[in-house]
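This report goes through selected parts of one structure, moving from strand pairing to individual residues and then to the chain as a whole. Please keep the sequence and the model at hand while reading.

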Amino acid sequence: MKHRQKKTNRLVPRRAHSVLSVLAAALMVLAFTVGCDGQEVTVGGNSNDQSNNDDPPNSGSNNHSHEHDEEYFEAHGPDDDMELIPAGELQGTWRAAFVEGDRPLAYFDIFHDEGESEASGDFTQGLVPHDFYDGTTGSLDSVVIDGDQVEVNWNPTDQDVEMFTLTLERDDDETYTGTFEAAQYPNTYEAEMTLQVFDDE
């Protein structure tokens, strides 16, 4: 009696081939996905995380700001097309004082362009006319130049009606003499304004 041969030996390879085909296809898809993800991560050295897209160009830890621009300009000088304006005669730091007792009235940092009839600047108040204004700082209200005459106005108080005024005339390049008066004070004082010269170290 002949035994019928089972067909399981043929079915196993087909089944195995099908399973292997499915596994191979899955591995290809997985490899492709991982490769794409890897590419997204590595392109340009940056990820596609949108949270970094709000940063402006050239920002981040390597912040090339202009904090060293002053050093750059000192090393390289001004641009060729930059117009340089010579300083006027009042450019600099000045000390104003009452002539009597050489009592300090105020210190001025004045910015003056050559040929201009007006200048600007800042003040630091001294001990006179009242010591409770000493050390008060602010901007000069006006600096008016008319030939050899100069008028400086400022207000170290919190009263709008007040104004301190120096009316001066040039003695030489570093000295102006004249008078001081204030809107709310009846007295006029002889005053002198001298240029402060600092040694460069």
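## Pairing of strands 5, 6 and 7

In this predicted model, strand 5 (residues 142-146) and strand 6 (residues 149-154) run antiparallel and are joined by five bridges. The two strands form a hairpin with two residues between them, and G147, which sits in the turn, has a positive phi of about 65 degrees. Within this pairing, S142 stands opposite N153 of strand 6.

Strand 6 also pairs with strand 7 (residues 164-172), again in the antiparallel sense, over six bridges. On this side, V152 has L166 of strand 7 as its bridge partner.

## N153 in strand 6

N153, which lies in strand 6, has a relative accessibility of 8% and therefore counts as buried, since the cut-off for that class is under 20%. When neighbours within four places in sequence are left aside, N153 is in contact with L140, D141, S142, M163, F164 and T165; of these, S142 is the residue that stands opposite N153 in the strand pairing.

The side chain of N153 also makes a polar contact with the side chain of E151, at 3.0 Å. As a general point, the side chains of a regular strand alternate between the two faces of the sheet.

## E162 between strands 6 and 7

E162 is found in the loop between strand 6 and strand 7. What is the nearest side chain of opposite charge to this buried residue, E162? The answer is R103, which is 16 Å away, and E162 has no salt bridge.

A polar atom of the E162 side chain does, however, lie 3.0 Å from the backbone nitrogen of A183. Not counting residues up to four places away in sequence, E162 touches N155, T157, A182, A183, Q184 and Y185, so that A183 appears both in this set of contacts and in the polar pair.

## Q91 ahead of strand 1

Q91 is placed in the loop between helix 2 (69-76) and strand 1 (92-98), and its relative accessible area of 35% makes it partly exposed. Although Q91 and F111 are 20 residues apart in sequence, their C-alpha atoms are 5.0 Å apart in space.

Beyond residues up to four places away in sequence, Q91 touches I110, F111, H112 and L195. With H112 there is also a polar approach, in which the backbone nitrogen of H112 lies 2.7 Å from a polar atom of the Q91 side chain.

## Backbone exceptions

Most residues other than glycine have a negative phi, and most peptide bonds are trans. Against that background, D102 has a positive phi near 50 degrees; this residue, D102, lies in the loop between strand 1 and strand 2 (103-111) and is partly exposed, with a relative accessible area of 44%.

The peptide bond from V128 to P129 is cis, with omega near 5 degrees, and P129 is found in the loop between strand 3 (118-125) and strand 4 (137-139).

## The chain as a whole

The protein chain contains two helices and nine strands, which follow the pattern α-α-β-β-β-β-β-β-β-β-β when read along the sequence. Of its 201 residues, 20% are buried, and the chain exposes about 15400 Å², with carbon and sulfur atoms supplying 49% of that area.

Among contacts with a separation of 6 or more, 34% are accounted for by residues 24 or more positions apart.

Key:
Residues numbered from 1 in each chain as written. Predicted model: local features only at pLDDT ≥ 70, side-chain atom pairs only at ≥ 80, totals over all residues. Heavy atoms only, no water. Helix = DSSP H or I, 4+ residues; strand = E, 2+ residues; numbered from the N terminus. Buried < 20%, exposed > 50% of the residue type's maximum accessible area, 1.4 Å probe, protein only. Contact = heavy atoms within 4.5 Å. Polar contact = N/O pair within 3.5 Å; in protein donor to acceptor, adjacent residues only side chain to side chain. Pairing = 2+ DSSP bridges. Lys, Arg positive; Asp, Glu negative; His and termini not counted. Salt bridge = Lys/Arg side-chain N within 4 Å of Asp/Glu carboxyl O. Areas by Shrake-Rupley, 256 points an atom, 1.4 Å probe, with all protein chains shown as cover.
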